[in-house]
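Thank you all for coming. I would like to walk you through one model this morning, going from its sheets to its ligand and then to a couple of single residues, so please keep the picture in view while I talk.

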Amino acid sequence: MSNMIFILQGDDSKRWIEALIPAMPEVDFNADCYIWPDVPDDPDSVDVAVVWRPNPGALKTFPNLKAVINLGAGVDSILADDTYPQGVPLARMIDPAMTRHMTEFVIYKVLHFHRKFHIYEEMQRHHVWKELSQLDTLTRTVGILGLGALGSDAASHLTALEFKVAGWSRTEKNLDGVESFFGADGLTPFLAQTDILVCLLPLTQETRGILNADLFSKLPQGAFVINAARGGHMIEADMLAALDSGHIEAAALDVFPEEPLPDASPFWDHPKVWLTPHIASLSVPSSAAAEIADNIRRVRAGKPPKDRVNMDSGY
Ligand code: OXD
């Protein structure tokens, strides 16, 4: 008999299980599925762990895991756990609904800055009726850091809106209408022509702290920054300094090194910051269930999971 364990931060396990029940009629979820910290008497019987930011050390309880299935795109919190069971395949979630939601967030924020809504909102507060100059879409470059599933979808929708779009990634990417920059050498020229920078990178050893003073100084004066990836990408003091000096005109920040954002954080009331509570892309159990069910079946049939994370590159 094989058991499944759900180890989720928050109280979403039941919602995910309800979505999986119709997708996996062959599984008796009442008998063969556990929600951490409730574990079967025989932890050897657990072959699949479905997780979101699992408690560090929890996964090593189960010596016969065939796979760990993450319910999000980012796996940084799992890879940070040095007790992760060596050799157990880890799959991340690439779900069309999550991708759509991230693209919506990016487009909304790009348009906000591109069409100067950050200034018009301020003008309304001061009863100012004035038309501002407007840069044409064709001459505005949006630069996307990270051209994985999320970055490439956002890039293709931004090209459809006729922005100039560039992308930076570890290796060269070929996407229609997107200028590709890659590797360490590609970063400076990519930044030099980016008016609106969007960070959608995975958080790895190489990308931690990438949104720092040196990177900001390579962006043109008055550039905008949108971070919908991870708070760990951003050096907070450097972001505040770049905003306060005016080098960065404004920022949309969905993620922070410490979440929830502490009440005393200067970002809350910063006039040049539009912040949201890590909601850029929310996973939708009803959309993702078929994909997760398929992945569980694959590993139970002895195959490697889809969307497997490369433990060396960290994504
Ligand atoms: C994710 C997230 O990684 O929601 O999917 O942050």
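Strand 9 and strand 10 run parallel and are joined by four bridges, where strands are DSSP runs of E with at least two residues, helices are runs of H or I with at least four, and both are numbered from the N terminus. Two strands count as paired if DSSP finds at least two bridges between them. Within this pairing, Ile196 has Phe224 of strand 10 as its bridge partner.

Before going further, I should say that this is a predicted model, in which local features need pLDDT of at least 70 and side-chain atom pairs count only at pLDDT 80 or more, while totals for chains, interfaces and linings use all residues. Residues are numbered from 1 along each chain as its sequence is written, and side-chain values use heavy atoms, with hydrogens and water left out.

Strand 9, which spans residues 196–199, is covered on both faces, with Ile196 and Val198 buried on one side and Leu197 and Cys199 buried on the other; buried here means under 20% relative accessible area, exposed means over 50%, and partly exposed is in between, computed with a 1.4 Å probe and the protein chains only. Strand 9 also pairs with strand 6, again in parallel, through four bridges, and there Ile144 has Val198 as its bridge partner.

Strand 6, residues 141–145, is in turn joined by five bridges to strand 7, residues 164–169, and these two run parallel as well. In that pairing Gly143 is partnered with Ala166 of strand 7. How many residues of strand 6 are buried? The count is five of its five residues, with Thr141, Gly143 and Leu145 on one side and Val142 and Ile144 on the other.

Putting these pairings into the wider picture, we have an open sheet of seven strands with parallel pairing, in the order 8-7-6-9-10-11-12. Strand 8 (178–182) and strand 12 (273–275) are at the edges with a single partner strand each, so one side of each has no neighbour in the sheet. From one strand to the next, the twist averages 15°.

There is also an open sheet of five strands, with parallel pairing and the order 2-1-3-4-5. Its edge strands, strand 2 (33–35) and strand 5 (90–91), each pair on one side only. Strand 4, residues 67–70, is joined to strand 5 in the parallel sense by two bridges, and Ile69 has Ala91 of strand 5 as its bridge partner.

Turning to the helices, helix 1, residues 13–23, lies across strand 1 (3–8) and strand 2, and runs at about 140° to strand 1. Helix 10 lies across strand 1, strand 3 (46–52), strand 4 and strand 5, at about 150° to strand 3. For these angles, axes are lines fitted to C-alpha atoms, for helices over the stretch in contact, and the values run from 0 to 180 degrees between N-to-C directions; contact itself means heavy atoms within 4.5 Å.

Now to the ligand, which is surrounded by Trp52, Gly72, Ala73, Gly74, Met98, Arg230, His278 and Ser281, each having a heavy atom within 4 Å of it. Which residue brings a polar backbone atom to 2.7 Å from an oxygen atom of the ligand? That residue is Ala73, while Arg230 places a side-chain N or O atom 2.7 Å from an oxygen atom of the ligand, and a polar side-chain atom of His278 also lies 2.7 Å from a ligand oxygen. The protein covers 85% of the 210 Å² of accessible area that the ligand has on its own, with areas from the Shrake-Rupley method and a 1.4 Å probe.

Two single residues remain. His114, in helix 4 (residues 96–114), is buried, with a relative accessible area of 3%. Setting aside neighbours within four places in sequence, His114 is in contact with residues including Gln134, Arg140, Phe163 and Ile196. Lys303, in the segment after helix 10 (285–300), is partly exposed, with a relative accessible area of 47%. From C-alpha to C-alpha, Lys303 and Ala80 are 26 Å apart in space, and they are 223 residues apart in sequence.

How values were computed
A polar contact is a pair of N or O atoms within 3.5 Å; within protein, one must be able to donate a hydrogen and the other to accept it, and residues adjacent in sequence count only if both atoms are side-chain atoms.
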